[in-house]
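Reader: I am new to this structure and should be grateful for a guided account. May we go through it step by step?

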Amino acid sequence: MADERVFAEAAAEEPLSELEPADAFPGATAELVALNDELAKLPTGATLAEKVAEKGGLDVAVVGATGAVGRQMIDCLAERDFPLRRLRVLGSARTAGETLPWQGNAHLAADDLELHEGTAEALAGVDLILGAAANDIAMALYPAAAKEGAIVVDNSSAFRLLPEVPLVVPEINATDVAESHGIIANPNCATIICLVAAWPLAKAAGLRSMVVSTYQAASGAGRRGMEELVAEEAALALGEPVPEPSAFAYQLALNLIPQIGGFDARGYTSEEMKLQNEGRKIMHLPALRVGCTCVRVPVMRSHAESVALRFERPITPAEARELLRGAPGVRLVDEPAVEPPARRYPMPLDTSDQDLVYVGRIREDLGAEDPSRALELWCCGDQIRKGAATNTVQIAELLLAGE
Ligand SMILES: NC(=O)c1ccc[n+]([C@@H]2O[C@H](COP(=O)([O-])OP(=O)(O)OC[C@H]3O[C@@H](n4cnc5c(N)ncnc54)[C@H](OP(=O)(O)O)[C@@H]3O)[C@@H](O)[C@H]2O)c1
């Protein structure tokens, strides 16, 4: 994957030939470099179309099926009529033996699905694995399954920056799936929402840099994050002591927490660096510069983001609105000049439980040296759907079409 090699060079600011193997991509460890080399030996060009034709449907496994993303994936497979022959749902030993509801689709009738523990045996013979579990589970299960011939689309961050693993947002770089050696990564949720909004403008005017502030919902931390916010709000409403936080570092209700992930030596968090590292890889812009502040907010669902974009060429807010009006995956919601209730801009309550990224508040960036080449915008999207589950199923659909 030539683009990612260029990306690695730019990220390290020295030629790849002068690097130790472990410096070959951001976050590389000896284990990841060895895994990348192993994946490189597997064939590319995997498609699910032949298996559907041969078997009449696919054996699909959802790993992490009881979590926020996993449950949504199951609903997306139903809603989008994914060609299932069998659906296996896997969780931890804690929930093995319990059942999950399956609403059914045109290919697989409604029924309860029995949960099994996520093990290599439980994945034997599966055609497609949709990953919605943590990095350690991904590392333990998916490379071996890919070697056995399964295709994996994973939501953890374990494989995202590996050069041999495509990192895909179908509205931006759908053709990258052809370079997969069995594992395809779903990007970080805040990154997907930002890039679906920024990409149509980047294509038109050439993107040089972005400054992003995120307002990320509690559900971004999974089921425990949602439960913690609900419990804190309930305690506050009843005038009771707020329970000790465990999913977040501090109380989230009535608060904002300017930390998502661990800090690096420069003071950026891991979540903030994803916007730059993953953004470069997805948009094939190895020199893109991104400054970012990620903030957890007491919203249940849907991430919102303030995005400042600096371009190579001049672009006006009117042009940007025209480009975004017809862009895939985008809904333009930018009517600030009218009186309420007709006044409209993107908000989490409006964007939850649907798949589009809403974009509004588009204006010249007066803080830029050349405001004619700089825009500010505000975008908002359901990070469990478009930021995770829907994007994952869309990637699988690309493989069905053999793209
Ligand atoms: N939440 C989001 O908005 C979001 C967005 C993008 C990406 N992601 C990523 O998606 C992944 C899942 O996130 P989430 O928010 O859905 O987390 P979550 O709600 O905490 O769910 C975690 C899931 O992992 C399962 N699990 C735990 N140990 C397991 C094991 N040994 N084998 C198989 N499954 C096991 C849990 O099953 P039990 O119920 O049995 O414990 C549960 O189903 C994470 O990598 C996360 O970073 C999340």
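Reader: Among contacts in the chain between residues at least 6 apart in sequence, what percentage join residues at least 24 apart?

Author: This is a predicted model, in which local features need pLDDT of at least 70, side-chain atom pairs count only at pLDDT 80 or more, and totals for chains, interfaces and linings use all residues. Residues are numbered from 1 along each chain as its sequence is written. Two residues are in contact if their C-beta atoms, placed from the backbone, lie within 7 Å. Of the contacts between residues at least 6 apart in sequence, the share joining residues at least 24 apart is 69%.

Reader: What radius of gyration does the chain have, and why does it agree with a compact globule?

Author: The radius of gyration is taken over C-alpha atoms, and the globule rule is 2.2 Å times the number of residues to the power 0.38. For 403 residues a compact globule would have a value near 22 Å, so the chain agrees with its 21 Å.

Reader: Into which domains is the chain divided, and how many residues does each give to the contact?

Author: The bounds come from an automatic or database domain assignment. The chain is divided into domain 1 (30-187 + 389-400) and domain 2 (191-383). Their contact takes 18 residues from domain 2 and, from domain 1, 12 residues.

Reader: Which element gives the most to the side of domain 1 that touches domain 2?

Author: Helices (H or I, at least four residues) and strands (E, at least two) are DSSP runs, numbered from the N terminus. Two or more residues on that side of domain 1 come from each of α12 and α6 (170-173). The element that gives the most, with three residues, is α6.

Reader: Which residues come nearest to the ligand?

Author: A residue counts as near a molecule or strand if its C-beta atom, placed from the backbone, lies within 6 Å of it. The shell draws at least three residues from each of domain 1 and domain 2. Of the 30 residues around the ligand, those that come nearest are Gly67, Gly91, Ser92, Gly118 and Gly222.

Reader: Which side chains of strand β9 point to the buried face?

Author: A residue is buried if 20 or more other C-beta atoms lie within 10 Å of its own, exposed if 12 or fewer, and partly exposed in between, with C-beta atoms placed from the backbone. Along β9 (residues 289-296) the side chains alternate, and Arg289, Gly291, Thr293 and Val295 point to the face that is not buried. Pointing to the other face, and buried, are Val290, Cys292, Cys294 and Arg296.

Reader: How many bridges join strand β8 to β9?

Author: Two strands pair if DSSP finds at least two bridges between them. Ser209 stands opposite Arg289 in β9. Strand β8 (residues 207-216) and β9 run parallel, and the number of bridges joining them is eight.
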